[in-house]
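Work through the exercises below with the model open. Try each task before reading its solution.

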Amino acid sequence: MTMYDDLKDKVCVVTGAAGVLCSTMVEALCEAGAKVALLGRTEQKLIDLSEKLKANGFEKTLPIRADVLIREDLENAQEHIQDAFGSVYLLVNGAGGNTPKAVTQSEVLEGSGDEDLARGFFGTDMEAFRFVFDLNFMGTLLPCMVFGKRMIQSGSGNIINISSMSATNPLTKVAAYSAAKASVDNFTRWLAVHFAKMNVRVNAIAPGFFSTSQNKFLLYEADGTTLTPRGNKIITHTPMEAFGRPEDLKGALLFLASNDQSHFVTGIVLPVDGGFSAYAGV
Ligand SMILES: NC(=O)c1ccc[n+]([C@@H]2O[C@H](COP(=O)([O-])OP(=O)(O)OC[C@H]3O[C@@H](n4cnc5c(N)ncnc54)[C@H](OP(=O)(O)O)[C@@H]3O)[C@@H](O)[C@H]2O)c1
């Protein structure tokens with residue numbers, strides 16, 4: 001008997017399933033005995049993950065190519081999952097990320113010359129900004145709309161969104177990502193209230209700093225081992241003085257996923273951050 005027995009054979013959907021953090025969350029759900037649909041854009045990555053899990057004894061996964069920004073993809077995925085596994089109990093909205101094009105070169109404006117302006121806010125590539133905002137916010141909202149509707153109709157469900165430290169106190173340089181994740185927090189609370197009487201909970205996890213492919217270019221120099229000044233600042237501002245390990249998210253995920261453990265918890269954003277959000281810097 002484990003603390004998460006209620007997750008056994010529950011049908012879960014994880015978007016961005018093949019990502020560094022999300023593949024670990026998938027593993028946690030598999031370890032709890034859940035059936036897990038793996039959604040993402042690149043089918044081969046999902047198949048590879050499914051094969052790897054199978055080799056470790058986890059047979060109940062279903063790789064499905066679906067773009068979280070395309071409603072039809074999500075609806076097709078929903079039908080496929082319903083046929084293969086049954087009604088979805090849990091949705092984890094993990095797909096998200098950033099792109100170097102949506103990151104300003106300067107942290108703060110230092111002057112009003114053309115070069116200064118181009119290196120900061122005024123040089124923002126609007127297409128990249130929109131891409132990052134849509135991926136992180138609309139890419140959370142749309143799956144909630146598609147899978148959430150069936151949860152409401154079936155009388156139970158659970159949604160976990162993935163936020164970021166940048167949602168509350170925005171990090172310099174990443175305006176689009178910060179605005180999108182702030183929207184994710186706000187929407188998490190809004191939807192939690194909206195669904196509160198319908199036996200569908202909505203929460204979020206806010207990971208601190210994890211060294212992954214998404215942010216490697218911000219944390220490490222080109223040699224891949226020396227910390228950038230930004231990477232150093234983060235470590236200095238993290239009381240535990242380390243980057244998180246993906247497996248550090250497993251406990252938070254299973255706690256929120258399990259109705260036995262958290263049935264009265266809805267509308268929260270749970271930081272897993274080594275103390276980053278608690279620390280004022282002095
Ligand atoms: N890494 C960190 O330190 C950190 C910190 C805080 C929050 N987060 C958040 O945690 C979540 C997971 O991050 P991660 O580090 O695991 O990211 P990751 O390794 O970059 O993986 C992101 C995943 O999302 C998928 N994806 C991207 N666009 C998609 C779309 N339109 N439709 C469907 N899937 C799409 C990607 O699939 P393809 O490769 O096939 O495109 C990839 O599998 C993200 O929301 C991220 O913002 C990360």
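Three exercises follow, on overall form, core and one loop residue.

This is a predicted model: local features need pLDDT of at least 70, side-chain atom pairs count only at pLDDT 80 or more, and totals for chains, interfaces and linings use all residues. Residues are numbered from 1 along each chain as its sequence is written.

**Exercise 1.** Describe the secondary structure and compactness of the chain.

Step 1. Count 10 helices and seven strands (DSSP runs: helices H or I, at least four residues; strands E, at least two; numbered from the N terminus).
Step 2. Apply the globule rule, 2.2 Å times the number of residues to the power 0.38, with the radius of gyration taken over C-alpha atoms.
Step 3. The chain's radius is 19 Å, close to the 19 Å given for 282 residues, so the chain is as compact as a globular protein of that length.

**Exercise 2.** Find the largest nonpolar core and its main contributor.

Step 1. Join buried Ala, Val, Leu, Ile, Met, Phe, Trp, Tyr and Cys residues through C-beta atoms within 7 Å.
Step 2. The largest such core has 78 residues; V13 is among those with the most contacts inside it.
Step 3. Helix α5 (residues 126-154) gives the most, with 10 residues.

**Exercise 3.** Why does D125 count as partly exposed?

Step 1. Locate D125 in the loop between α4 (114-119) and α5.
Step 2. Recall the classes, by other C-beta atoms within 10 Å: buried at 20 or more, exposed at 12 or fewer, partly exposed in between, with C-beta atoms placed from the backbone.
Step 3. D125 is partly exposed because it has 15 C-beta neighbours inside 10 Å.
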